[in-house]
Amino acid sequence: MKNKILDMTTLDKTLLKELDAYINLLDGDKGEHLIHVLHKAQELFGYLPQNLQLYVARKLDLSGARVNGVVTFYSFFNEEPVGKYKISVCMGTACFVKGADKVLERVESLTKTKKNEISEDGLFTIKDVRCIGACGLAPVMTVNDKVYGKVKPNDVDEIIRYYRGLEDENN
Amino acid sequence: MKLIDKMVQCSINGINITVEKGTTILDAAEKVGIHIPTLCHLNLADFGVVNKNANCRVCVVEEENSHKLLPSCAEKVVDGMKIQTDSLKAVMGRRTNLELLLSNHPQDCLTCVKNLDCELQSLAHELNIKEIHYQGEKMQHPVDLTSFGIAKDTNKCIMCRRCVTMCNDIQTVGVLSPLKRGFDSVVATAFHLDLGQTSCTYCGQCVSVCPTGALAEMNDSPKVWRALNNPNKKVIVQVAPAVRAAIGEEFGYEAGTILTGKVVSGLKRLGFDEVYDTNFGADLTIIEEATELIERIQGEKTLPMLTSCCPAWVQFIEHQFPELLDVPSSCKSPQQMVGILTKTYYAEKNNVDPKDIVMVSVMPCVAKKAEAAREELNKDGLSDVDYVVTTRELAKMIKEAAIDFKKLPDGNFNKLLGESTGASAIFGTTGGVIEAATRTAYEMITGKELKQVNFKQMRGIEGIREAKVKIDDLELNIGIAHGLGNARKILEDIRDGKSNFHAIEIMACPGGCIGGGGQPYHHGDIEILKKRQKALYDLDKSMPKRKSHENEMVLQLYEDYLGKPGSHKAHELLHTAYSAKERI
Ligand code: FES
Ligand code: FES
C-alpha cells in the first residue's frame, strides 16, 4: 500500500513550480533556509500538508522528521487547512478562571465548528491556546492579529458578526 | 598565545585545579576525582558520539560567587569559579530536578524492560529519592510495536535526546526528531508515523543509549519459548560472534570475557535441538564474498564492492542511496546463510521436513530481527530465520529458566554447521570482515600461503579507515567505515565517482557488532566496547585455523552440497538482491 504522505501528485503543479523556483534561488546549504522555504510554501498553499512537508524535506535534503519538527514547533505553521480568520481562545489559568470555556463554547456554537477545526464556509478556524501573556485582560481571544480582552460570551456574537460582515462587503 | 592564556583556574569543593579553557565543570571535577551524577549527558568521544544538550539538569552544581546552580555537563570552567558539588543547594537542586522528571514518569518499574538496567531508576537510588513531591500529568501516547525491530514507548521518554543525537548526528538516518514544543513536545517520527513506515534501519543505536525504557528491542523471546515447548518442532539455534564477547556482562563477568562454551551449554539446557555457530556462516560468507570480489575485479565489473552482512546498513543504502544498489555484495549475511542451510542441507541430511524446523538466532543486533522478516529471504515460503533474540534477551531467558550461567560447563557446537575459524570471530568488530576476506582473497588469487594473517592497518576504532594490500601485482584498496554517518560519506564519494576502493566494509554500529543495539547496555562506558573488541581479536589469535577457507565443515558443505564457491546452487541459496525504498 502506498503511503498517502508519499503521494505528491495531489499537490498543485503550478504552485510547486513556484516553490521550486524560490528554492532554486537560495544559495549555499539549502537546508539552512528551511524556515524561509516553509514560510513560502505556506504562503503558496495556505497550509503545510504532510506530503508538502516531505516534498520540502527532499528538496532541501533534510529528513522528514526534521521538517516536521520545525513545522510543529512554530505555531505560525499549520498542518491543517486554516480558515481566513483564525480564532484563538486563551485557556491559560487566568483566562480559564474568568470563564474562557464559556467563550470558547459560544465561539464553537456560533461558527458551528469544533476547536481545531475549520468552519464549513472556510471562514473560521478555532483554536484553544495556552497563556498568551495578556492575563490582565482575561479572558482573552484573538482573531488573526487582533486581540479582544475581557470578552464575555455575549461579546462573541458581535465579533463573529463583524467578520461575517467583512466578507459580505468583499463579495 | 602563551600556554597560560589557554588555562583557567577554579576550585571544586575546595580543591584548586587548573584546566584548559573550554573544559566543562563535569570533566574538571572528574580530574580531581569528584563524581557528579548525570543523565542526559553521553560521551563516547572516541566514536564521535557526544550528547550535550543539557536537558535534564540532574547534574547541577553550585557556583559560590554567584550562588547559581549550573549544569556541570555543559557549563565551562571560568577563571575564579568556586564550585560546590555537595552543598545543600546543589544536592537539593539535583533532587528537585530528578523529582520533576519522575513526576510524570510511569511507575511500572517492576515490569519494565529496563528494570534494574535503567539510568533513571539508578539515579533515583543514587540521589536517595524517597518521595516524589510533585504530581505531573502523565503522558498518554500509544506504544509503537509496529516494526520488527524496535519498540517505542514515548510515555517513558524523558527528552534527553540521546536517541535524537544517535539517529541524526551519528547515523544520519534522521527518523527521530523532537516534535512540538513545551509540555507537548515528544521525540517522534515524522508525522508520528509508525516506525515500520519510516526509513528506520533498526540499527538500534537509539535503544543502546536510551536511559529509560522508552526505546527497546521488540521482545521475541515468548515466541521462542513457545517453539521450544512444541514437541513437533525441531528448534535450532545459532549464535553470532559478538554475543560470546558480551553476554558475560549480564552475569557479572568482566567485559570482554569470551564465553562461547557456556553459551552453547546454556542453549542446550534451554532445550534447543541443535546449536550452530553463526561463525560458520561467516566463514562461508567470506568464501562467497571473496569469490565475488575477485570476479568483480577480474571481470571489470562494478567496483567497489561493499560488504553486505550488516542488515541496518543494507536498509540504509536501500532508503538513502537507491541509485547505488549494485555496489553491495550479493551475499546474504551469515545469519541468513546458516538459516537457509539448516532448512535445506541439514533438513535433507537428517530427513527432517523444513516445515518442522524453527530457526532461531541469537544476535547482538536489533536489525537482525527486521532482516529475518524480509520477504525475499525465504525458500518456498519458509523464512530462512524464524525468530531473532538479542544478547540481552538470551541472558533474560537463561535467568528466567533459573539456569546458573556461571556454573555451566563448556559445551560444543553441533557438527555440520558448527565449526569456525579465527577469521569469523573478528566478524563482530569493525574491520574484521574485510580482514577475514583479505586473508581468503589473497590465497585465492595467488595460490600461495599467506604467512602474516594480521592486517593491523585494518584494525582500530577511527570512523573511516583505509588500507592497501599488495596481492601479486594487484594493489587492493580497502576502505572501512563504521557508524552510518561515516558510511554516508563513503557512499557520497562513490556516487560522485570519487572513490578508488576495491572493497569496503561497512558496519552500522559504532565499533561494529560488539556495539550492536542488542548488546548489554554499556551506559556510556566506552572501555566496555574496547574490551569486547580486544576479546574478539584475542579469540582469533587463539584459534588453530585463522582463514575461512580452511574451515573443514564449510569445505565439506561445498563438496556434499553446493559444488564450487559462486556455483549456481550457492547463488540460489546464499545470495540475494536489494530493492529501492522510500526515504521518510
Ligand atoms: S491566561 Fe490567558 S493571557 Fe494569560
Ligand atoms: S546531565 Fe547535565 S543537563 Fe543532563
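Tutor: Let's start with aromatic pairs: rings of Phe, Tyr and Trp (its six-membered ring) pair if their centres lie within 6.5 Å; planes under 30 degrees apart count as stacked, over 60 as edge-to-face and the rest as tilted. This is a predicted model, where local features need pLDDT of at least 70, side-chain atom pairs count only at pLDDT 80 or more, and totals for chains, interfaces and linings use all residues. Residues are numbered from 1 along each chain as written, chains are lettered from A and ligands numbered from 1 in written order, and side-chain values use heavy atoms, leaving out hydrogens and water.

Student: How many aromatic pairs are there over all chains?

Tutor: The count comes to 11 over all chains. One of them is Phe76(A) with Phe77(A), an edge-to-face pair at 5.4 Å centre to centre and 75° between the planes.

Student: Are those two buried or exposed?

Tutor: Buried means under 20% relative accessible area, exposed over 50%, and partly exposed in between (1.4 Å probe, protein chains only). Phe76(A) is partly exposed because its relative accessible area is 47%, while Phe77(A), at 6%, counts as buried. Now try Phe251(B) and Phe405(B): they are stacked, 4.2 Å centre to centre with 15° between the planes. Phe251(B) and Phe405(B) are both buried.

Student: Which residues form one aromatic cluster?

Tutor: Phe73(A), Tyr74(A), Phe76(A) and Phe77(A) do.

Student: What lies over the face of Phe73(A)?

Tutor: For a charge over a ring, NZ of Lys or CZ of Arg must be within 6 Å of the ring centre and within 35 degrees of the ring normal. Here Arg181(B) lies over Phe73(A), at 4.1 Å from the ring centre. Lys569(B) does likewise over Tyr561(B), at 3.9 Å.

Student: How do I read strand pairing?

Tutor: Two strands pair if DSSP finds at least two bridges between them. Helices (H or I, at least four residues) and strands (E, at least two) are DSSP runs, numbered from the N terminus. In chain B, E1 (residues 7-12) and E2 (residues 15-20) are antiparallel over six bridges, and Met7(B) has Glu20(B) as its bridge partner. E1(B) also runs parallel to E7 (residues 81-84) of chain B, joined by three bridges; there, Ile12(B) partners Ile83(B).

Student: And how many residues of helix H13 of chain B are buried?

Tutor: Seven of the 10 residues in H13(B) (391-400) are buried, among them Leu394(B) and Ile398(B). Generally, an α-helix has 3.6 residues a turn, so residues three or four places apart point the same way.
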